[in-house]
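Colleague: Could you walk me through this model step by step, as you would for someone in a first year of study?

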Amino acid sequence: MTSLHYDSYTEARAHLKDLLDAAERGQTATLRRDTARAVVVDVGRLRDFLAMVTPSRAEVVPEDGGWSVFIPGLPVAADGPTFDTAIDEMVDALRDYAEDWQDHLLDAPNHRDNWGLVQLITLSDDGELRRWLTGQAS
């Protein structure tokens, strides 16, 4: 079987184990609810893919005896007395941004295209976000 699809929520619920098993193996696993179609994807695979296609573009600059981190085009920045502290603060700032995006920014025209970034932030642990920000392999 190369893909798995259920035409209703009820059918998918009855075969939830099969949906989850297919997603874990990397197979396409979809379900339909009314006119909407959804996909079930393994978190690790999705997170790794998003990290690969969403470069951080973070800029870290020395400033006034400390460090500043920002991502051009995002209203997110952080400062710290050391490089590591600034990166840690940026991880926290990204988490705050993702929370705000989920709460009220997802429909704002200048934020709605950040869906992939928000998913990446939400699906990453702090170490993965640190590596993503600093351009290290995850």
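The questions below take up the sheet, then a salt bridge, and then the charges on the surface.

Colleague: In what order do the strands of the sheet lie?

Modeller: Please keep in mind that this is a predicted model. The sheet is open and is formed by 3 strands with mixed pairing, and its edge strands, each pairing on one side only, are β1 (3-6) and β3 (36-39). From one strand to the next the twist averages 20°. The order of the strands is β1-β2-β3.

Colleague: Do β1 and β2 pair in the parallel or the antiparallel sense?

Modeller: We can follow individual partners here, since L4 has A29 in β2 as its bridge partner, while Y6 stands opposite L31, which is also a residue of β2. Strand β2 covers residues 28-33, and the pairing between β1 and β2 extends over 4 bridges, with the sense being parallel.

Colleague: Which residue in the turn of the hairpin has a positive phi?

Modeller: The hairpin is made by β2 and β3, with 2 residues between them. These two strands run antiparallel and are joined by 4 bridges, and within this pairing L31 stands opposite A38 in β3. In the turn, the residue with a positive phi, of about 60°, is D34.

Colleague: How far apart in sequence are the parts tied together by the salt bridge of E128 and R47?

Modeller: The structure holds 6 salt bridges, and in one of them the side chains of E128 and R47 meet, at 3.5 Å from N to O. E128 lies in helix α6 (residues 126-134), whereas R47 lies in helix α3 (residues 43-53), so the pair ties together parts whose separation in sequence is 81 residues.

Colleague: Which helix gives the largest share of the negative patch?

Modeller: On the surface, a patch of negative charge is gathered from E63, D64, D79, E89, D92, D96, E99, D100 and D103. If we take D96 as an example from this patch, its place is in helix α4. The largest share, 6 residues, comes from the helix that covers residues 83-105, which is α4.

Methods. Residues are numbered from 1 along each chain as its sequence is written. This is a predicted model: local features need pLDDT of at least 70, side-chain atom pairs count only at pLDDT 80 or more; totals for chains, interfaces and linings use all residues. Side-chain values use heavy atoms; hydrogens and water are left out. Two strands pair if DSSP finds at least two bridges between them. Axes are lines fitted to C-alpha atoms, for helices over the stretch in contact, and angles run from 0 to 180 degrees between N-to-C directions. Patches are made of residues with over 30% relative accessible area and no salt bridge: like charges are joined within 9 Å, nonpolar side chains (Val, Leu, Ile, Met, Phe, Trp, Tyr) within 5 Å. Accessible areas come from the Shrake-Rupley method with a 1.4 Å probe; for residues, only the protein chains shown count as cover. A salt bridge is a side-chain nitrogen of Lys or Arg within 4 Å of a carboxyl oxygen of Asp or Glu. Lys and Arg count as positive and Asp and Glu as negative; His and the chain ends are not counted. The place of a charge is taken as NZ of Lys, CZ of Arg, CG of Asp or CD of Glu.
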